Amino acid sequence: MNKITTIDLGSNSFRVLIYDCTNHKILDEYNEVVGMADGLNDTGLISFEAQRRVVDAINKSIKKLKYEPSKAVCVTTAAMRMANNSKEVLDYFKKHCDVNFKIIDGQEEARLTLLAVQYALKRENINSSNFILLDIGGGSTEIIVNKGAEYFSKSFNFGIVTLTQKYFAKDELISQLELYKRDIKAFLDSLDIDLSSFTFVATAGTPTTIAAIKLGQDFFHYDKEKVNGSTVNLSDLEDCLNIFKNESKENIIKLVGKGRVEFIEVGVFIYKSIFEVLEKNESIVLDDGLREGVAIDFCIKSKLA
């Protein structure tokens, strides 16, 4: 069997995948919230506490999945792009875990995420020719317009962690999102494409969490097979905002997982903003993202697929 291990170290999440290149199937996976961007807005640095959390997560994943860290294909994104101490941090991970992370830019992140979503849409028997993809991260948000064999992407410098830690008042957050909406609309208008018939597809933690809640799941009973290909609409977002407003913290942790509680509401507001810019009523949700794209890309380039 031709298999590859990939690691996606995001601004908030750490995700590992063991992937079968021959059959394009996930063999095993590991996910953990590590909060790497915690405090990055204020200091411009990845904190030592965050580095330790990542090292612990890597070691736990090695123990659980039994992979060789030096052979894993590892990428890291927005938080590491922004941090002033990224080289020292990556050296620290190499020294303590024998992993080699590559910092990828927003364009490469978009390309790889798009690749994963294209495969996922085919798997779910959903038309994959014309769609708009939203990927909400901890430190950045990617918008990708896929039109037949070509695509157009832009990485926007805001995410659930950075906005949560920058705007404590809801009205300030909403005002800032209005400005980002203008930027996104300007990007979409510049493409001069009629997007009215394009499918709206969303990936990453916020959309999958909302889809799971809609399906009656919680963090501890998450079934991505049911989440994949499901739909979320604006009223589902409002339902989730009401839950987060009225439920106890204990119940919210059960729904979204520890480490996501303080960020999920901002994630919903970002998601809602994109709905409004696109003037769409619903979006298809997929669990597949960057780590799957890294795996598929490796399989194709290594001629293992």
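Two strands pair if DSSP finds at least two bridges between them, and strands here are DSSP runs of E with at least two residues, while helices are runs of H or I with at least four, both numbered from the N terminus. What you have open is a predicted model, in which local features need pLDDT of at least 70, side-chain atom pairs count only at pLDDT 80 or more, and totals for chains, interfaces and linings use all residues. Residues are numbered from 1 along each chain as its sequence is written, and side-chain values use heavy atoms, with hydrogens and water left out.

**Stop 1: strand β6**

Select residues 130-136, which make up strand β6. Of its 7 residues, 6 are buried (under 20% relative accessible area, with exposed meaning over 50% and partly exposed in between, for a 1.4 Å probe and protein chains only). Strand β6 is therefore largely enclosed by the rest of the structure.

Now add residues 141-147, strand β7, which pairs with β6 in the antiparallel sense over 7 bridges. A hairpin of 4 residues joins β6 to β7. Show asparagine 130 and you will find its bridge partner in β7, lysine 147.

Next add strand β9, residues 199-203, which pairs with β6 in the parallel sense over 5 bridges. Which residue of β9 stands opposite leucine 134? Select alanine 202 to see that partner.

**Stop 2: isoleucine 284**

Move to strand β11, residues 282-286, where isoleucine 284 lies. Isoleucine 284 is buried, with a relative accessible area of 11%. Draw a C-alpha to C-alpha distance from isoleucine 284 to phenylalanine 200: the two are 84 residues apart in sequence and 6.3 Å apart in space.

Leaving aside neighbours within four places in sequence, isoleucine 284 has contacts (heavy atoms within 4.5 Å) that include Ile126, Val201, Ala202 and Gly229.

**Stop 3: helix α8**

Select residues 205-214 for helix α8, where 8 of the 10 residues are buried, so this helix is largely enclosed by the rest of the structure. Colour the buried ones, among them Pro207, Ile210 and Ile213. Just after α8, click on glycine 216, which takes a positive phi of about 85 degrees.

**Stop 4: charged pairs**

Side chains of opposite charge can pair when their charged atoms come close. How many salt bridges (a side-chain nitrogen of Lys or Arg within 4 Å of a carboxyl oxygen of Asp or Glu) does the structure hold? The total is 22.

Begin with aspartate 28 and lysine 64, whose closest N and O atoms are 3.7 Å apart. Aspartate 28 sits in strand β3 (residues 25-33) and lysine 64 in helix α2 (residues 48-65), so their salt bridge ties together parts that are 36 residues apart in sequence. Aspartate 28 is partly exposed at 32% relative accessibility, and lysine 64 is partly exposed at 46%.

In helix α7 (residues 170-191), select lysine 185 and aspartate 189, which are 4 residues apart and separated by about one helical turn. Their salt bridge has its closest N and O atoms 3.0 Å apart. Both are partly exposed, aspartate 189 at 48% and lysine 185 at 44%.

Finish in helix α13 (residues 290-301), where lysine 301 and aspartate 297 are 4 residues apart, or about one helical turn. Their side chains meet in a salt bridge at 3.2 Å, N to O. Are these two partners buried or exposed? Lysine 301 is exposed at 59%, whereas aspartate 297 is buried at 11%.

For a last selection, pick Glu178, Lys181, Glu238, Lys272 and Glu276, which salt bridges with shared partners join into one network.
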